[in-house]
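Colleague: I'm new to this structure and would like to understand the words used to describe it. Could you show me the model and take me through the reasoning?

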Amino acid sequence: MGPRRNPAPPPPLRPAVTRSEAPVPAVGPLRLRLPRCLLDPGLVGVPVQRGQGRDGLVALDLEHRGGWITALRPLPATDQPLPLGLPPLVEPHAHLDKCFTQGRWPNPSGTIPEALAQNHREGRERSRDQVLARAERALEQAWRQGLRAIRSHIDSGGPGARPSWEALLALRERWAGRVELQLVALVPLAHWTTPEGEALARWVADRGGLLGGVLGPPDGSGRRDREALRALLALAERLGVAVDLHIDEADVAPARGVRLLLAELERQPHAVPITCSHAASLGLLSEQRLALLAERLAAAAVSVVALPLTNLWLLGRRPESTPLLRVQTPLRSLQRAGVRVAVGADNVQDPWYPGGDFDPLEVLRLAPLTSHLDPALREGLAPFTTEPARMLGLAWDGVVRVGAPADLLLLAADSWGELLARSPQRRVLRAGHWLPPPPAQLPSPLFAASMG
Ligand SMILES: [Zn+2]
């Protein structure tokens, strides 16, 4: 996609909320429990928290005014049930251009080749109105369910590229202040070696986007891949834009893409932020090799986004067999080496993954199962809160302190155990106002239909 000379104005967008659904002010202080690791460290010395050591939750009164937190007061030790609060979460990796397409473009085999083929067919027919409609639906869901920012990759190499970018740039503006959007140009890596690729990079840079691409099996070992990666990194450096790669989303050739990337970064130091999304095949390395690679990633300041749901869905598929070895990002080893790690949901109801609903709580609740991440511990919560906030360079790091936004995801759960037992009801506070509940919490019209 090249630069446009005469961009047509985007079609009018429908309001995200109707008058009756408008956020309502939250009056008075809130009483809740917050994870100690997400609280202003200056408050932690107060010796009154229930569960210190057990689950790290601190009971407190939170006051707010004008959309900002004005006071945080720890409560005396109490067994009174209180809701669990989190800062609204951050989605570091999504595909808003193709979400909700699996009905028309299904992938019954659940394989990567069929996902790719369906993705290409859908991309050839893609229109701006289609992307507007599905991304608007996604953002509405995300906002009401407690997401405050999303980084989305956009297919940027075919006929669907221009309509997708037009729609998502319009929505980025429309949703600013509710869900911050970051947009990444996703193309085959070799595209960055062409004049069209260079024009695309400039166009994306002018609009505050990021550069992306795919690196890893079946590609990632030849001279052409190295040249393509070199071209991408040089463009990013020259234009001052961050890079977010789909890398090593594979169950063969462990870390082939990451090794190539590290070799380039060690040869030519870089200043722009670089993120590796997936990095799943690193999980197939021996412990010793992984430890060395993790140290190199940390030294090169490369961040990693783990996407356990799509990896578990797509990787290791063999006809007529159950995958006994599950391939996924070795989160804990990377964290131990000091690599910044976030967890995302990736695809939602498209040919790559039929599930998902832009519900960050669902990914957080599944992480103990998919990745043995414990939400009661700092390293279990940071990948959903502070780490993606820093990775995306958001103005607020997600730490709850006086002067932070009066933004909360409040859960009808009094402990981590209750959060894991069932998906709890929730209320979302943004700038001191309660948002309308997500559609999933309203009575389903399907039951009304069953009554005839
Ligand atoms: Zn992706």
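Colleague: Why is H95 called buried?

Modeller: This is a predicted model, and the label comes from a computed value. H95 has a relative accessible area of 3%. Buried means under 20%, so H95 is buried.

Colleague: What is the role of H95 around the zinc ion, and which residues join it there?

Modeller: H95 coordinates the zinc ion through NE2, together with H93 (NE2), H246 (NE2) and D346 (OD). The distances run from 2.1 to 2.5 Å.

Colleague: How do you know that those atoms count as donors?

Modeller: A donor here is an N, O or S atom within 2.8 Å of the metal. The coordinating atoms lie at 2.1 to 2.5 Å, so they count as donors.

Colleague: What makes the arrangement around the zinc ion irregular?

Modeller: The angles do. The four donor atoms subtend 88 to 172°. Four donors count as tetrahedral if all angles lie between 85 and 135 degrees, and 172° is outside that range, so tetrahedral is ruled out. Square planar asks for opposite donors over 155 degrees apart and all others between 65 and 115. The arrangement falls under irregular. For background, ideal angles for four tetrahedral donors are 109.5 degrees.

Colleague: How are the donor residues spaced in sequence?

Modeller: The pattern is H-x1-H-x150-H-x99-D. One pair links distant parts of the chain: H95 sits in the loop between β6 (89-94) and α1 (112-125), while H246 is in strand β10 (residues 243-247), 151 residues apart.

Colleague: Is H246 buried or exposed?

Modeller: H246 has a relative accessible area of 6%. That is under the 20% cut-off, so H246 is buried.

Colleague: And what about D346: where does it lie, and why is it called buried?

Modeller: D346 lies in the loop between β13 (341-343) and α10 (360-371). Its relative accessible area is 2%, and with the cut-off at 20%, D346 is buried.

Colleague: What is noted about phi of D346?

Modeller: Phi of D346 is near 65°, a positive value in a residue other than glycine. As a general point, most residues other than glycine have a negative phi. A431 also has a positive phi, of about 50°, although it is not a glycine.

Colleague: Why is A431 called partly exposed?

Modeller: A431 has a relative accessible area of 42%. Buried needs under 20% and exposed needs over 50%, so with 42% A431 is partly exposed. You can find A431 in the loop between β15 (426-430) and β16 (433-434).

Colleague: Let's turn to the helices. What makes α5 oblique to α6?

Modeller: Helix α5 (residues 223-239) and helix α6 (residues 256-267) pack at an angle of about 50°, with their axes 10 Å apart. That makes α5 oblique to α6, because angles under 35 degrees count as roughly parallel and roughly perpendicular begins at 65. The crossing of the two helices is right-handed.

Colleague: Which residues meet where α5 and α6 pack?

Modeller: From α5 come D225, R226, L229, R230 and L233, and from α6 come L260, L261, E264, L265 and R267.

Colleague: Why does D225 count as buried?

Modeller: D225, in helix α5, has 17% relative accessibility. The limit is 20%, so D225 counts as buried.

Colleague: What makes L232 buried, and what does it touch?

Modeller: L232 is also placed in helix α5. With a relative accessible area of 0%, L232 is buried. Not counting residues up to four places away in sequence, L232 touches L189, W192, L211, G212, V243 and L245.

Colleague: Why is α2 called oblique to α3?

Modeller: The axes of helix α2 (residues 128-145) and helix α3 (residues 161-174) come within 8 Å and cross at roughly 40°. That makes α2 oblique to α3, because roughly parallel requires under 35 degrees and roughly perpendicular starts at 65. The crossing of α2 and α3 is right-handed.

Colleague: One last residue: why is L394 called buried?

Modeller: L394 has a relative accessible area of 18%. The cut-off is 20%, so L394 is buried. L394 lies in the loop between α12 (386-391) and β14 (408-411). Leaving aside neighbours within four places in sequence, L394 is in contact with V90, R148, A149 and A389.

How values were computed. Residues numbered from 1 in each chain as written. Predicted model: local features only at pLDDT ≥ 70, side-chain atom pairs only at ≥ 80, totals over all residues. Heavy atoms only, no water. Donors = N, O, S within 2.8 Å, 3.2 Å for Na, K, Ca; no water. Tetrahedral: all angles 85-135°; square planar, octahedral: opposite > 155°, others 65-115°. Helix = DSSP H or I, 4+ residues; strand = E, 2+ residues; numbered from the N terminus. Buried < 20%, exposed > 50% of the residue type's maximum accessible area, 1.4 Å probe, protein only. Axes fitted to C-alpha atoms, helices over the stretch in contact; angles between N-to-C directions. Parallel < 35°, antiparallel > 145°, perpendicular 65-115°, else oblique. Left-handed = near helix turned anticlockwise from the far one by under 90°. Contact = heavy atoms within 4.5 Å.
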